[in-house]
Amino acid sequence: MTEQSLLKSMQELKPVSVSLYVPDGNPELFWRTAASAGHLQQDIAEIRAEGERLAGQPVPELTPELFSVFARTGSRLEYERVYFERRRRLNTYVFLSLLEPDNAQHLQYAEEMLLAVCSEYTWCLPAHVPGGHETAGINRFIDLFSAETGFTLSEASLLLGERLPLELRLRIRQETEERLFRPFLEQGPYNWETARHNWAAVCAGSIGAAALLSVEDPQVLAEILQKTESSMHCYLEGFGDDGACLEGLGYWNYGFGYFTYYSDLLRSRSAGSLDWFKVPKVQRIARFQQQCFIDGSLTANFSDSLPRVRVHMGLSHYLAGVYPGAVEYPPAELRAPYTEDHCSRFAPALRNLIWKQSGTGHKDWPAASTYLPDAAWLLSRHVSAGGTFGFAAKGGHNNEPHNHNDLGQFILTGRGEVYAADLGSGEYTAGYFGDGRYEYDCNGSQGHSVPVINGRYQQAGREFSAAVLHAATGGAADKLTLDLTAAYEAEGLQSLIRTLVWHKEELPRLELIDKYSYAGVPESWTERFITWRKPEELSPGTVLLPGQESGGVKVTYDPAAVGLQINEHVYRDHFGQDQVWHSLDFQAVRPGSEGSYAFTFQFI
């Protein structure tokens, strides 16, 4: 869309009004009745509990010493814990001021936090600032969280309206203009403006949304939205036609969430004339969430993702309403609690209140199998008399967003437990996103269920890829066959074919066969499988991955072909906690110029 056509649209926009935020256009009625609405009781109880926890506590300070920790040590957690606690305090008292308008204390705390955030030296995180330390013109730099903060303040100012002092509302507008709008128009382009991942949607979407809420000059608004729209095109280009988010479900929630929040405001203010939801690819992306859940709250957590995910009900219900029949309402029990988001983001928390509907959703996700051809992901959620079981496997290449070297990786879950695991995202540090990224077990192929050839792992780069030879879902079995030859920089490797067959029986089983050919003889060949469970060797040829209380998975193999070694490892998870994981390392007894190794994973 050209700037001229956008300018024309801007001149025809509906005026900014708090009525944009509630379905019936009556915000007073919505907030007055929200507390007694049954479907919001848990959400509001959690917000009130946070208000009680925070009451009387001093506002935590963001000091220069805290800011410098990342530059000195590479650790992000020290500064970010305080930063996000301040955001939690801001969110909580804004919501309580809306829910309980007669409580002057809530409004006082909300004003205190709005002013405190306006006074922060920077809204950026140290890890996102070039050089990781204070630099000249730092407030001309825009990262994810500075953009989110401007959006948050703009929404809070609009929602609370004249209950806030005029001076504070003007301060919010001034800070947003100086930290977001002017740098966006005058200092760019920023790298994220053309990113094909979540940064484009979150940064540009937050700036565009804040502008829709607070910029009065149609010319300036058109200039901002033209740049925002360009970034949204780039964001969507990062998806294949199958709609899969290669960054994983957590980043779908994040990036596609902010794409949706912006697109909703744009559609509302333009009375539907500017509507991203009419784009067919957007609908396919909206379906990714329901495809990604494979067993209760367990997901196909490839890339930097968490194995267990809770759902933003507001976002989910909104998309199900936009695409009736295509996007499913999620099970109510998957609701994300108010306190779960350790980043304390205002936009999704608000929409979990205003977009959530009552009486929707399955008790559980229904059975489904999906193959996503652009991502080369096979996802299966199998429901039988024995319970719910999940299987996922992937091809792709080793230069994906938030990349792991994981071609041929697979996940097995059953009855809410993970048996063949993906470690997911580790603790985000400077090194995690640096040259040593693949030394971290959760990122390198050493921490995935893939072969180790001559002691060598898969390599990073677009050229290290998997070719899909066959993929099929439906009926009694799902099947994926991958050529993994190009995943390795292993001299002499001529062919490596992995075949996975998922038999959807009452107690399902996975058959895995790796078949290779080699010029000469490999020095060593190890079939590695990753698990959270503590394996128990039952007999030669059989090892048990036990369930927490009963059941589990029996892994059977040919003991004449491979010998089993069970190893214990430790890595630091996304929250900085040490986690124990185990590898089943099946070492070829006599590797030859050709080999075929078969394993069966049988649920019991």
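Student: In the hairpin of β7 and β8, which residue takes a positive phi, and how many residues lie between the strands?

Tutor: In this predicted model, Arg415 has a positive phi near 55 degrees, and the hairpin has two residues between its strands.

Student: What makes β7 and β8 a pair of strands?

Tutor: Two strands pair if at least two bridges are found between them. β7 and β8 (residues 417–420) have three bridges, in the antiparallel sense, so they count as paired. Within β8, Val418 stands opposite Thr413.

Student: How do you know that β5 is also joined to β7, and in which sense do they run?

Tutor: Five bridges join β5 (residues 387–394) to β7, and the two strands run antiparallel. The requirement is at least two bridges, so β5 and β7 are paired as well. On this side, Phe389 has Gly414 of β7 as its bridge partner.

Student: Why is β7 described as mostly covered?

Tutor: Buried means under 20% relative accessible area. In β7 (residues 410–414), five of its five residues are buried.

Student: Which residues of β7 lie on each side, and are the faces covered?

Tutor: In a regular strand the side chains alternate between the two faces of the sheet. Phe410, Leu412 and Gly414 are on one side of β7, Ile411 and Thr413 on the other, and all are buried; both faces are therefore covered.

Student: Why is Cys118 said to be in no disulfide?

Tutor: A disulfide requires two cysteine sulfur atoms within 2.5 Å. A search of the whole structure finds zero disulfides. For Cys118, the nearest cysteine sulfur belongs to Cys124 and is 15 Å away, so the criterion is not met.

Student: How do you know that Cys118 is buried?

Tutor: Its relative accessible area is 0%, which is under 20%, so Cys118 is called buried.

Student: What is the corresponding reasoning for Cys245?

Tutor: The nearest cysteine sulfur to that of Cys245 is that of Cys292, 8.5 Å away; the limit is 2.5 Å, and therefore Cys245 is in no disulfide. Cys245 has a relative accessible area of 2%, so it too is buried.

Student: How many cavities are found, and what is the volume of the largest?

Tutor: The search of the whole structure finds nine cavities of 30 Å³ or more. The largest has a volume of about 170 Å³. Among the 16 residues that line this cavity, Pro337, Tyr338, Pro348, Ala349 and Asn352 are the closest to its centre.

Student: Which element gives the most to that lining, and how do the lining residues divide?

Tutor: α15 gives the most, with four residues. The lining of the largest cavity divides into seven nonpolar, four polar and five charged residues.

Terms used
Residues numbered from 1 in each chain as written. Predicted model: local features only at pLDDT ≥ 70, side-chain atom pairs only at ≥ 80, totals over all residues. Heavy atoms only, no water. 1 Å grid on protein atoms, 1.4 Å probe; cavity = no way out; pocket = protein on both sides within 12 Å on 5 of 7 lines; lining within 4 Å. Points joined across faces, edges and corners; volume = space filled by probe spheres on them. Nonpolar A, V, L, I, M, F, W, Y, C, P; charged D, E, K, R; others polar. Buried < 20%, exposed > 50% of the residue type's maximum accessible area, 1.4 Å probe, protein only.
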